[in-house]
Each structure stands twice: as C-alpha cells, then as structure tokens.
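Below are some comments on the model you sent, set out as numbered points. They concern the pairing of strands and the packing of helices.

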Amino acid sequence: MFARYALKLFKARPFQSFRAFANIDDASDPEQSKLKAAESAHEFIDRIIKANKVVLFMKGTPDSPQCGFSNYVVQALKYYRVEDFQAVNVLEDPEVREEIKKYSDWPTLPQLYINQEFVGGCDILTDMHQKGTLMEFFEKNGVVKKQKEE
C-alpha cells in the first residue's frame, strides 16, 4: 500500500540547499497520517501536481539524482533559474513510479509538470533547449522572470 512508503519531497531552489516540504508529509499530524493511509498513488500524484506550480517526478533527489536523465532536467531547471520546484523521488515508492507513467501516458522518467500540465521528459526539454524555445516556454508559464531586452 502507498502509505507504507515515506516519500521524501523537496522544495528546490536553484543553487541553494533543499528543504523538506513539511506541509505535504507531516508525520506528527495524526489527521495527515490518516489521509495519507487512505490516499492512492494516483490521488497523491494528482494532489502534488495541483498544489505546486512546477513538479518533477524523478529518480533520486535534486541533490543526488540517480540517473543521467533526471540530472539533466534538474540542471536545466537550475540553468534557466526556475525559482522553485517540487521534486518527487519515484524510487522510494514503486506504486508512484508506475502510476506516474499511467497518469501522464508517458513511459519514461523523469517527468516535468508545469501549471498542472505535463511538459515531458528529458528528451522534450533537450529538444526545446536546442531549439532555443525553453526559456520562452518557462517565461510564458510564469516559472522564471522575463529577461530584459538589451
């Protein structure tokens, strides 16, 4: 069951340390524990995506990515100065790892969501970066400050 696994969630800020996202997984709150016990992986994913502007489902953590593709996406978010993002380590819960693939109808990880919309994985971000459209996309979606024209 989903509740058996403790998911570590991080509020990530580029070039700064990451801190636990306490309001999502507060073990000291008995009501929160009851909610988590009754929550399916799908409900958890849906709640995290709706509660955060930018969510990255990845292997590992932003401090310690466990695959090259997850590392690339984290580095891209930092490079473009995405102010903050919620990272979910799918390696800590096999149900979440499988359910996110069904949720997005996308077979690979990592997966990036912005404003509750599935953006894609490493391949999509790489393509947008190479075409020069990634910064514009981030600006349009309000996750980075617009660059001033010189």
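1. Since the bridge partners below depend on it, a convention comes first: two strands are taken to pair if DSSP finds at least two bridges between them. The model is a predicted one, and the comments should be read with that in mind.

2. Strand 5, residues 111-114, pairs with strand 3, residues 54-58, in the antiparallel sense, and four bridges link these two strands. Within this pairing, L56 has L112 of strand 5 as its bridge partner.

3. Strand 5 is also joined to strand 6, residues 117-120, by three bridges, and these two strands run antiparallel. Here the bridge partner of I114 is E117, which belongs to strand 6. Strand 5 and strand 6 make up a hairpin in which two residues lie between the strands, and N115 in the turn has a positive phi of about 50°.

4. In a regular strand, side chains alternate between the two faces of the sheet. For strand 5 both faces are covered, with Q111 and Y113 buried on one side and L112 and I114 buried on the other.

5. Turning to the helices, helix 2 (residues 41-51) packs on helix 4 (residues 94-104) at an angle of about 70°, their axes lying 9 Å apart. The two helices, helix 2 and helix 4, are therefore roughly perpendicular to each other, and their crossing is right-handed.

6. In this contact, A41, H42, F44, I45, D46 and I49 of helix 2 meet E95, V96, E99, I100 and Y103 of helix 4. By character, the residues of the contact comprise seven nonpolar, one polar and three charged.

Conventions
Residues are numbered from 1 along each chain as its sequence is written. This is a predicted model: local features need pLDDT of at least 70, side-chain atom pairs count only at pLDDT 80 or more; totals for chains, interfaces and linings use all residues. Side-chain values use heavy atoms; hydrogens and water are left out. Buried means under 20% relative accessible area, exposed over 50%, partly exposed in between (1.4 Å probe, protein chains only). Axes are lines fitted to C-alpha atoms, for helices over the stretch in contact, and angles run from 0 to 180 degrees between N-to-C directions. Angles under 35 degrees count as roughly parallel, over 145 as roughly antiparallel, 65 to 115 as roughly perpendicular and the rest as oblique. A crossing is left-handed if the near helix is turned anticlockwise from the far one by less than a right angle, and right-handed if clockwise. Contact means heavy atoms within 4.5 Å. Ala, Val, Leu, Ile, Met, Phe, Trp, Tyr, Cys and Pro count as nonpolar, Asp, Glu, Lys and Arg as charged, and the others, Gly among them, as polar.
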